[in-house]
Amino acid sequence: MRTEAQKRAEDKYRKSDKFNRTIIGSNMTKSEAEKIREAAAKFETTPSKFMLNAALYCIKNDIDPRKE
């Protein structure tokens, strides 16, 4: 059975920004995934964080990702 302290901690967590998250997946080839892993490693970050920052950069700068 959960203690009152555990219940309060969970309520606090659910009200924080950390709980306000979701996941978006992407289907890609293994070679594309490896390129992303290498680029992320170059900047000492994770592939997920690298992809998030790249997507947000494109949105902020109105870059059309369909153009290569």
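The accessible surface of the protein chain adds up to about 7,000 Å², and carbon and sulfur atoms account for 54% of it. Little of the chain is tucked away: buried residues make up 4% of the 68 residues. All of this rests on a predicted model, so the confidence scores deserve a look before the fold itself. The protein chain averages a pLDDT of 92, and 99% of the residues score at least 70. Broken down by element, confidence bottoms out in H1, with a mean of 91, and peaks in H2, at 97.

As for the fold, the secondary structure of the protein chain comes to three helices and zero strands, which reads as α-α-α along the sequence. The radius of gyration of the chain is 18 Å, whereas the globule rule gives 11 Å for 68 residues; the value is well over that mark, so the chain is more spread out than a compact globule. The box that holds the C-alpha atoms, taken along the principal axes, comes to roughly 55 × 25 × 25 Å. Helix H1 covers residues 4–14, H2 covers 30–42 and H3 covers 47–60.

Turning to the stretches outside the helices, the loop between H1 and H2 holds Gly 25. Gly 25 has a relative accessible area of 68%, and because anything over 50% counts as exposed, this glycine falls in the exposed class. Its C-alpha lies 9.6 Å from that of Ser 48, with the two positions 23 residues apart in sequence numbering. Ser 48 itself falls within the span of H3, residues 47–60.

Two residues stand out for their backbone angles. Glu 44, in the loop between H2 and H3, has a phi near 55°, a positive value in a residue other than glycine. With a relative accessibility of 75%, Glu 44 counts as exposed, because the cut-off for that class is over 50%. Asp 62 tells a similar story further along, in the segment after H3. Phi of Asp 62 is positive too, at about 50°, although the residue is not a glycine. Asp 62 has a relative accessibility of 73%, so it also goes down as exposed.

That leaves the pockets. The largest pocket has a volume of about 500 Å³. Its lining takes in 13 residues, and the ones nearest the centre are Thr 22, Ile 23, Ile 24, Ser 48 and Leu 52. Ser 48, already met as the partner of Gly 25 in the C-alpha distance of 9.6 Å, is thus one of the residues nearest the centre of this pocket. By class, the lining of the largest pocket is a mixture, with seven nonpolar, four polar and two charged residues.

The second largest pocket has a volume of about 190 Å³. Ile 36, Phe 50, Met 51, Ala 54 and Ala 55 make up its lining. H3 gives the most to this lining, with four residues, while Ile 36 sits in the 30–42 span of H2. In terms of class, the second largest pocket is lined by five nonpolar residues, with no polar and no charged ones.

Note on methods
Residues numbered from 1 in each chain as written. Predicted model: local features only at pLDDT ≥ 70, side-chain atom pairs only at ≥ 80, totals over all residues. Heavy atoms only, no water. 1 Å grid on protein atoms, 1.4 Å probe; cavity = no way out; pocket = protein on both sides within 12 Å on 5 of 7 lines; lining within 4 Å. Points joined across faces, edges and corners; volume = space filled by probe spheres on them. Nonpolar A, V, L, I, M, F, W, Y, C, P; charged D, E, K, R; others polar. Buried < 20%, exposed > 50% of the residue type's maximum accessible area, 1.4 Å probe, protein only. Rg over C-alpha atoms; globule rule 2.2 N^0.38 Å. Areas by Shrake-Rupley, 256 points an atom, 1.4 Å probe, with all protein chains shown as cover. pLDDT = per-residue confidence, 0-100.
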